[in-house]
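Student: I have a structure open in front of me and I'm not sure how to read it. Could you walk me through a few features?

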Amino acid sequence: MRYKLLLVIFLLQLTTIYAQEPKEKVRPIVFSDVSLSADSTVVDTITVDTLLTDTLSADTLLPWPENLRYRVERLLEDKRFETSTVGLQIYDLTADSVLFQYNERQCMRPASTMKMINAVASLDRLGGSYQFKTRLRYTGAVDSCVLRGNLYCVGGMDPRFAKDDLRAFVENIKRMGIDTIRGNNVGDITMKDADLLGEGWCWDDKNPILTPLLYSGKNSFMSHFCQDLQKSNITLVGDTVYGECPQQSKEICIRTHSIDQILMRMMKNSDNLYAECMFYQLAANTGEKKASAKIGRREINRLITKLGYRPSDYYIADGSGLSLYNYVSPELEVAFLKYAYHNQELFNHLLPSMPVAGVDGTLENRMKKGFAHGNVKAKTGTVTGVSALAGYCTAANGHQLCFSIINMGIRKAAVGRTFQDRVCEVMCQP
């Protein structure tokens, strides 16, 4: 009996010792110890993929979307957010619910993600069949190969108007049998106001010139037209001037480009001129005498109101994102993306224009591997101190997501891009 009692006491002591022994702690992933670089694939000696897949054992047991929320929260622990600002919202379009948000209502500079807002508002107002037009018209009459009247080049702010279009102008004049113009060659730029630059644009940027008569994206339409007339042995007796085309004029030729042609370069290549031309088309379509940034802003604000937000909480300065006066929030950008997604006709034009991760456009060299590759379709944005990304992706469970991420107050845009790429990987991976 004594030996049995001693055995029981021994077993009780052993159990107590084991219970008090500390269990092995799981080492957390500390992102602040890793230096972000411009290379979105490799961060110092540790790859981004490693950072995103080296999860805690408990993490792998979390159901989606709790797993997504957990991983994004871990990314936000980076020490760089002690000195910079980030705002983001991730929305599940399939479940119609917010998955994650952080500083989502913070007003921030959108940079070129402003082009996405511009595109959605323009498609909503103009429609997917809209055409950008440049017209050649004339007054007077043609008598014995002589036009006794004026030529009028009526600008429609088409950034794609180039050599072939100008050649078509000249060839149509020749088909009319004209070899001499006894009148003026008039450029009509009355479509918009006289402002050649946008509000809040930096003077030392490579800013596009905002004129309705564009030749290969430059303000050199009339000089090239005169040269082509001369090369085709068409004599201009009068002068090259600017003025308004009279209503009683007759059409010689019209050159057009579709809204999709403009969208593709505007979004894939983040072309600022193309975006501003879209913005002014939006303004011109209201029927007012001259298009202006103020009218374009008003049209975007109308959609902001329709979406249930207050335009006074934000500021729309231009259509490209060049302006340092633009202020929107990640929440507002997501609202625009949601609106586009739920309007199929609009979405059918918008989505193909978005850069594809690791494939084309401004995302060609980002997310070149991993779950985000070929999955994320989003508009990038970069100005000094700001990096942004807004668009769509498909989660591992098949749900369609949209998101907006804006990093502000960063010295190097690569820091923002790397963070955004990691968030995208988290959204797409199981």
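**Reading the sheet, the rings and the confidence**

Tutor: Happy to, and keep in mind that this is a predicted model. Start with the open sheet: its five strands run in the order β12-β10-β8-β5-β13, and the pairing is mixed.

Student: Which strands are the edge strands?

Tutor: Look for strands that pair on one side only; here those are β12 (240–242) and β13 (250–258). Going from one strand to the next, the twist averages 20 degrees.

Student: In what sense do β8 and β10 pair?

Tutor: They are parallel, with four bridges joining β8 (residues 151–154) to β10 (residues 185–188). To see one bridge up close, find Cys-153, whose partner in β10 is Gly-187.

Student: Which strands does helix α7 lie across?

Tutor: Helix α7 (residues 221–231) lies across β5 (131–138), β8, β10 and β12. Its direction is at about 150 degrees to that of β10.

Student: Now the aromatic rings. How do I describe a pair?

Tutor: You give two things: the distance of the centres and the angle of the planes. In this model the count is 10 aromatic pairs. Take Tyr-130 and Phe-132: the ring centres are 5.7 Å apart and the planes stand at 80 degrees, so this pair is edge-to-face. Another edge-to-face pair is Phe-279 with Tyr-280, at 5.9 Å centre to centre and 80 degrees between the planes.

Student: Are Tyr-130 and Phe-132 buried or exposed?

Tutor: Both Tyr-130 and Phe-132 are buried. Phe-279 and Tyr-280 are buried too.

Student: Which residues form an aromatic cluster?

Tutor: Phe-161, Phe-169, Phe-221 and Phe-225 make up one such cluster.

Student: Which ring does the charged end of Lys-192 sit over?

Tutor: That's Tyr-280 again: the charged end of Lys-192 is 4.8 Å from the ring centre. You can find a similar arrangement at Tyr-274, where Arg-265 lies over the face, 5.4 Å from the centre of the ring.

Student: What is the mean pLDDT of the protein?

Tutor: The mean is 88, and 86% of the residues reach 70 or more. Where pLDDT is low, don't read the predicted coordinates in detail. Residues 2–6 are one such stretch: pLDDT stays under 50 there, and the model has zero contacts beyond four places in sequence for them.

Student: How many contacts of that kind does the model have for residues 14–58?

Tutor: There are 65 contacts beyond four places in sequence, although pLDDT stays under 50 over residues 14–58 as well.

Conventions. Residues numbered from 1 in each chain as written. Predicted model: local features only at pLDDT ≥ 70, side-chain atom pairs only at ≥ 80, totals over all residues. Heavy atoms only, no water. Phe/Tyr/Trp six-rings, centres within 6.5 Å; stacked < 30°, edge-to-face > 60°. Buried < 20%, exposed > 50% of the residue type's maximum accessible area, 1.4 Å probe, protein only. Lys NZ or Arg CZ within 6 Å of the ring centre and 35° of its normal. Pairing = 2+ DSSP bridges. Helix = DSSP H or I, 4+ residues; strand = E, 2+ residues; numbered from the N terminus. Axes fitted to C-alpha atoms, helices over the stretch in contact; angles between N-to-C directions. Contact = heavy atoms within 4.5 Å. pLDDT = per-residue confidence, 0-100.
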